[in-house]
Amino acid sequence: MTKNFNNPSSPFSPFFRSLFFPTLVLIIGMFLSIWDHLQFQKETNDNIQVKLDQRIEYIRDGVAEKFNLYKYGLKGLRGAMVSAGVQDFDYLKMQNYINSREHEIEFPGARGFGVLKKIPQAEIKQFVADAARERPDKHFQLKQLTQHNDDVFILQYIEPEITNKQAIGLDIASEPTRHKAAIKSALNNSPTLTAPIILVEEDQSKRQGFLLLLPVYSQHKIPETPEQRMQVLYGWVSAVLSIDEVLTSFSGLSKDVNLKIYDVTEQNVSEFFSFGKNISEVTHQSETTIELLGRHWMFELLVDDSYIETLNNSEFNESFFAIIIITLSIVLIIYIVQLVFQRRRLVIDKGIEQENILKLANQNLERKVNERTLEITRLSSLQKSILEAASYAIIATTNEGMIMAFNPAAEKLLGYKASDVIGKITPAQFHIEQEVVIRALELTEELGQEIKPSFDVFTIRASLGLPELNRWTYRTKSGDEIPVNLSITALTDGNNQQIGFLGIAYDLTEQIKQQTALAKAKEIAEKANRSKSEFLANMSHEIRTPMNGLFGTLQLLENKALDEEGKNLLSKAIYSTKSLTTIINDILDFSKIEAGKFALEIIPFSLTELIDNLATGLEIEANNKKINLEIINNVEDDYWFGDPTRISQILINILSNAIKFTTEGIVSLEVMQDKETEGVVFTVIDTGIGISDEALQRLFDRFEQADNSTTRKFGGTGLGLAISDSLVKLMNGKIGVESTLGLGSKFTIHIPLTHANESQINSPNVVIEALNLQDKTILVAEDNPINQLVVVTMLKQTNARVDVVDNGQKAIDYCLENRPDLILMDIQMPEVDGVEACTEIKSKNKDQKVVALTANVFTEERIQYELLFDGYLAKPIEKQALYKMLSTLLT
């Protein structure tokens, strides 16, 4: 390989050789100057850090000295108590001591000095009475931040009292931070600071502070062990310290820096003091810690460049600039010397070098021309392949609209050959004239300028840089009309000048067919769903109407004199009727959930009341099977927003299953509050037959049970868990199950709920034994004779006058001549239904009270009834629900 020493770009050329030694000297000099500058900066930073460390140590020692001053003040107060006898130290002696000292001068920053006493729970009442008698105002009250059953540490005296009146009577044992410091002080016989606390002023303002505590014992000789000290502990003397007043009164602070103080005693570090300027960019800082009266504090001092400038540090490094100057002088001398010797050589080599450069330039030009030609050929082939392979019709035109490109897909779509259209016609020949006219009017209104029905209709938006995608109808060469989506964009050259337009059309024929078929299928599905909903509504009414007669007559029999066997049979009949109603509700609920029309009713409710009602309803089942039913409520908050009816339904389904599949042992419900994500967690555990792993996979499927033998042995529809799972998901909750075959199961239900207030809850359930409505008239509009009999018999016990009509029209006619106090209106009746009758009656007398009697229990229907009626009662009607409605509307 031959080295070209004359090529200027070669590292062996004279030019590069002339730079070698100067560059080497320059690099060495630069390294020396940088090293010197780094050393200078290090010394400067070390000096700054030493000054910062000295300043923060001065502040730290000053703060420690200031707190020693408060410690001596407390020792003086304790000495006064011991001298007077701790048992004899009273309000008057406290006043005499305080008046003998000048606390604001002696102890700047201290908000007050006080005396606390340790009082057992059994002596609190007597202590409060004695403390009140000592005071001039004869008033003393125990104040606790949280209630507890241990000894109380009561602040009995504090001076000056006028600025600390809020603290008199405070039990510091009721707050963990103060309690912890008090115990520590008493055990160690040492002055002890609390962690930072919130001080409440007389004007209710708040500020951060500390409490400094020093123990006082009931005997002069202080015991040696902590246990003995606690036995003779009488109380404490204390100093209330405001953080800002204590620390800002220290003369060592200034506003040219930022001082932060942290309490690092516990794991959670907290900043409780910050003083000085707000520094956005910290350049230096210093830290130090101190153990101060039982606490560990960390001091942090932050400064910026403005503070550093005040330290009079030298910013000019003379040796750095000296090295630079010397290095540059040597480099210049070496370069000049080499330049003189190489100049002659360069003159000789210049001719040869220029010849080589020209030859190389010709070779490069020839290579680039070949590469560009090959690239243009490749791009042309690629564009041709794209146009021919595209499944969309692609048509390119000039700015005037003349067709310049017409791909095979366009030929197939429109029936024209490319040779028939390119350079001969515009795309206007493919369009229906009426569509072009309509589009021109639309664009005129949209763009605010007149657009004529010409080629501009297709290209004006593209020319303005706006997207142009519209549906058009193409007319083919054979006269057929094809719907298409047509997208038009502007074509530009390398100088971004518009040279034409590109249209891409997509045949919509198959898409329209699919959309038409889909719309027809959707219409059929919606019609089927409406038929299903109408069937369910009719079935609900037809089943609940006889159920109302059956359940109502059974309730009326409860008031008859029956022997024990009769009462037992009646109880079982009522229970069976309620079970049948539950099955009907499950089927209807599941159908509504499947249809996506199930709505939750979010209202405030009492969780305790809900759980008590569960226990009342399930204890009979559990007692009949001799199973222990345990319900544990660990939720502190009682009032929530949610759907209590559906929550009860979920829990009844799962607890009923647990009781059903448990032959011995216990069934338990534990209720916990989820602290992390707001809501409530219900856990149901039983010692029943358990569930196999295979059955767990399909446990929440509809009409499913653990196995086929379960249905034969225990009964059931298999809908309960499926409905519970769907309801939990509607509430954005989660339900899970763990089970071991033969040992039992555990269900966990998490339901998100939000907090409510007690004032938002309706009045609690009250059992109404009898109502006296002697002066009231009630109209019953009911077409079923049995239901008429049931409702009228229930109303007889109220002594009200009861009139009966069997359709809505008769109810309307009745109200034209009479004004009943209340109308009980069935919804589905012949001639005129209950909704129409209520609307007509209220149009003539808007104050007429009407209650719906309905077999329709869906939420959307109940909402409709609430808007029109004054209330509603679901069939089968419960006597207590009827009496409560009468009590609400008529008493």
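**View 1. F869 is tucked away in this predicted model.** With a relative accessibility of 4%, F869 counts as buried, because the cut-off for buried is under 20%. You'll find F869 in the loop between helix 24 (859-868) and strand 30 (871-874). Leaving aside residues up to four places away in sequence, F869 touches M825, I827, G834, V835, C838, V850, V851 and A852. K849 sits 20 residues from F869 in sequence, and their C-alpha atoms are 7.6 Å apart.

**View 2. Helix 22 and what covers it.** Here we look at residues 808-817, where G808, A811, I812, Y814 and C815 are buried. Seen down the helix axis, these buried residues fall within an arc of 160 degrees, so they line one face of helix 22. That fits a general rule: an α-helix has 3.6 residues a turn, so residues three or four places apart point the same way. L816 and E817, on the other side of helix 22, are exposed. The cover over the buried residues includes strand 26 (777-781), strand 27 (801-805), strand 28 (822-826) and helix 23 (834-844). Look also at the start of helix 22, where N807 brings a side-chain oxygen to within 3.0 Å of the backbone nitrogen of Q809.

**View 3. Helix 21 and its N-terminal cap.** Helix 21 covers residues 785-796, 12 residues in total. From first C-alpha to last, helix 21 reaches 16 Å, close to the 16 Å expected at 1.5 Å a residue. N784 does the capping at the N-terminal end, with a side-chain oxygen 3.0 Å from the backbone nitrogen of I786. As for burial, the list for helix 21 reads N787, Q788, V790, V791, V792, M794 and L795.

**View 4. An aromatic pair, F430 and Y474.** Searching the whole structure turns up 19 aromatic pairs. In the pair shown here, the ring centres of F430 and Y474 are 6.2 Å apart and the planes meet at 70 degrees, so this one is edge-to-face. The pair ties together distant parts of the chain, with the two positions 44 residues apart: F430 is in the loop between helix 11 (418-421) and helix 12 (433-447), while Y474 is in strand 15 (residues 469-475). Both partners are hidden: F430 counts as buried at 0% relative accessibility, and Y474 is buried with a relative accessible area of 3%.

**View 5. An aromatic cluster.** For a last stop, here are F67, Y70, F210, F272 and W297, which together form one aromatic cluster.

Conventions: Residues are numbered from 1 along each chain as its sequence is written. This is a predicted model: local features need pLDDT of at least 70, side-chain atom pairs count only at pLDDT 80 or more; totals for chains, interfaces and linings use all residues. Side-chain values use heavy atoms; hydrogens and water are left out. Helices (H or I, at least four residues) and strands (E, at least two) are DSSP runs, numbered from the N terminus. The expected span of a helix is 1.5 Å times one less than its number of residues. Buried means under 20% relative accessible area, exposed over 50%, partly exposed in between (1.4 Å probe, protein chains only). A polar contact is a pair of N or O atoms within 3.5 Å; within protein, one must be able to donate a hydrogen and the other to accept it, and residues adjacent in sequence count only if both atoms are side-chain atoms. Rings of Phe, Tyr and Trp (its six-membered ring) pair if their centres lie within 6.5 Å; planes under 30 degrees apart count as stacked, over 60 as edge-to-face and the rest as tilted. The arc is that of the directions from the helix axis to the C-beta atoms. Contact means heavy atoms within 4.5 Å.
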